[in-house]
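Reader: Got a minute to walk me through this one? Short answers are fine.
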Amino acid sequence: KKKKMKLKNRLIAMVSHDSKTPIGSIKIANELIRGELQGDDPDLKDIFKYIELIEISADSHARFLDNMLTLARFDDGEIHVNKREVTPEDIFYKLAKNHRIYFEMKGIEFITNSDLPTGSKINVDVEKMISVLNNLIQNSIKFTKQDGKIEVDLKEKKGKYLITVKDNGVGIAEAQKETIF
């Protein structure tokens, strides 16, 4: 019971931390818009970029809340998997779109690779897969320096799919790996 309570407290701390990221981005974008509008010559291109950041961050927070509801349903044994066929290119496109503005702001090169033939389809729960990959990519963005690189690879091994997210960020300290994984 004590171990379960410790795990629950850790989950609450992680949830609190993860919910702050999109809200923080919205606040920053709002301040940037306000600064542009208060200046002598507002740059509409920048303002629209900041509005896009607000939209992306709001969508990210909505997905986060959906994930929390899914986690609650999972705990109650009510998780549903909605598999459908999708191409790796479709998944990569959604990931690039979800994070494009962050890649641009930090000058991050986003690279995607698949060893499947172009146009091949995989049968997955797209929303859950995108959710997990978004989380991994957001962490990569957070810890990758300016002009860095993030790479997503999809490989097939013995009828199963392996997706990896790699970056050239600072990495995870050895002492923290056991706690995280």
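Reader: How many helices and strands does the protein have?
Author: Five helices and five strands. Keep in mind that the model is predicted.
Reader: What order do the elements run in from the N terminus?
Author: They go α-α-β-α-β-β-α-β-β-α.
Reader: What share of the residues counts as buried?
Author: 27% of the 181 residues.
Reader: And how much area does the protein expose?
Author: About 12,800 Å². Carbon and sulfur atoms supply 56% of that area.
Reader: Contacts next. Taking those with a separation of 6 or more, what fraction comes from residues 24 or more positions apart?
Author: 73% of them.
Reader: Give me an example of a residue pair far apart in sequence.
Author: Take Val124 and Arg84. They sit 40 residues apart in sequence, yet their C-alpha atoms are 5.6 Å apart in space.
Reader: Where is Val124 placed?
Author: In strand 3, which covers residues 122-124.
Reader: What does Val124 contact, leaving aside neighbours within four places in sequence?
Author: Asn82, Lys83, Arg84, Val86 and Met129.
Reader: Why does Val124 count as buried?
Author: Because its relative accessibility is 11%, and buried means under 20%.
Reader: Switching to helix 3. How many residues, and what is its reach?
Author: Helix 3 spans residues 88-106, so 19 residues. From first C-alpha to last, helix 3 reaches 25 Å, close to the 27 Å expected at 1.5 Å a residue.
Reader: Where does helix 3 bend?
Author: At His99, by about 60°. His99 is also one of the buried residues in that helix.
Reader: Which others in helix 3 are buried?
Author: Pro88, Ile91, Phe92, Leu95, Asn98, Ile101 and Phe103.
Reader: Any general rule for reading spacings in a list like that?
Author: An α-helix has 3.6 residues a turn, so residues three or four places apart point the same way.
Reader: What phi does Gly107 take, just after helix 3?
Author: A positive one, about 65°.
Reader: Last topic, the surface. Which residues make the nonpolar patch of about 300 Å²?
Author: Leu44, Phe48 and Ile51.
Reader: Which helix holds Ile51?
Author: Helix 2, residues 44-75.
Reader: Why is Ile51 called partly exposed rather than buried or exposed?
Author: Because its relative accessible area is 31%. Buried would need under 20%, and exposed over 50%.
Reader: And why does Ile51 clear the bar for a patch?
Author: Patch residues need over 30% relative accessible area, and Ile51 has 31%.

Methods
Residues numbered from 1 in each chain as written. Predicted model: local features only at pLDDT ≥ 70, side-chain atom pairs only at ≥ 80, totals over all residues. Heavy atoms only, no water. Patch = residues over 30% accessible without salt bridge, like charges linked within 9 Å, V, L, I, M, F, W, Y side chains within 5 Å. Areas by Shrake-Rupley, 256 points an atom, 1.4 Å probe, with all protein chains shown as cover. Salt bridge = Lys/Arg side-chain N within 4 Å of Asp/Glu carboxyl O. Helix = DSSP H or I, 4+ residues; strand = E, 2+ residues; numbered from the N terminus. Buried < 20%, exposed > 50% of the residue type's maximum accessible area, 1.4 Å probe, protein only. Expected span 1.5 Å × (residues − 1). Bend = angle between axes of the 7 residues up to and from the residue. Contact = heavy atoms within 4.5 Å.
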